[in-house]
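Could you walk me through this structure in the viewer, one selection at a time? I would like to know what to click on next and what is there.

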Amino acid sequence: QVQLVESGGGLVQAGDSMRLSCKASGQTFSVITMGWFRQAPGKERELVAAVPWNNGRTYYTDSVKGRFTISRDNAKNTVTLQMNSLKPEDTAVYYCAAKRAYIGTYDYWGQGTQVTVSS
């Protein structure tokens, strides 16, 4: 099992920056891919960004490209999401997730952290 704990959410104004962090514990050696999802009220959960174990090719959903950066530190078992130029439409609960493969569904989830961007 892998446990994920997010931190760093809160309330900011449009145009501000925020960094989310996720600390993994447990059987972290089994984790291949880590990602950040978000879910806004009334919307489906969407994958925002993902990074493989070697910090190789990353994935970003189109709406955050050029604004968000995902990175991981395997020595510290952490993954961060640096969010710049935040917009009100970025408001959502953000979830850290991990899986034991490069593809497929995610196996482990954090509890989520609220990010609110005011206009």
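Here is a short tour that starts on the surface and then follows one strand and its partners.

Before selecting anything, keep in mind that this is a predicted model.

**Stop 1: the surface.** Select W53, Y102 and I103 and show them as a surface. Together these residues make a nonpolar surface patch of about 400 Å².

**Stop 2: the loop.** Now keep I103 alone. Is I103 buried or exposed? Its relative accessible area is 69%, and the cut-off for exposed is over 50%, so I103 counts as exposed. Follow the backbone here and you will find I103 in the loop between β9 (92-99) and β10 (108-109).

**Stop 3: into β9.** Select residues 92-99, the strand β9. Seven of its eight residues are buried, so β9 is largely enclosed by the rest of the structure.

**Stop 4: the partners of β9.** Colour each neighbouring strand in turn.

- Strand β4 (residues 33-39) runs antiparallel to β9, and seven bridges join the two. To find your place, select G35, which stands opposite A97 in β9.
- Strand β11 (residues 113-118) also pairs with β9 in the antiparallel sense, over three bridges. Select Y94 and look across to T113 in β11, which stands opposite.
- β10 pairs with β9 over two bridges, again in the antiparallel sense. Select A98 here: its bridge partner in β10 is Y108.

**Last stop: back to the loop.** With β9 and β10 both coloured, bring back I103 in the loop between them. Then add W53 and Y102 to see the whole nonpolar patch once more.

Definitions and conventions. Residues numbered from 1 in each chain as written. Predicted model: local features only at pLDDT ≥ 70, side-chain atom pairs only at ≥ 80, totals over all residues. Heavy atoms only, no water. Patch = residues over 30% accessible without salt bridge, like charges linked within 9 Å, V, L, I, M, F, W, Y side chains within 5 Å. Areas by Shrake-Rupley, 256 points an atom, 1.4 Å probe, with all protein chains shown as cover. Salt bridge = Lys/Arg side-chain N within 4 Å of Asp/Glu carboxyl O. Helix = DSSP H or I, 4+ residues; strand = E, 2+ residues; numbered from the N terminus. Buried < 20%, exposed > 50% of the residue type's maximum accessible area, 1.4 Å probe, protein only. Pairing = 2+ DSSP bridges.
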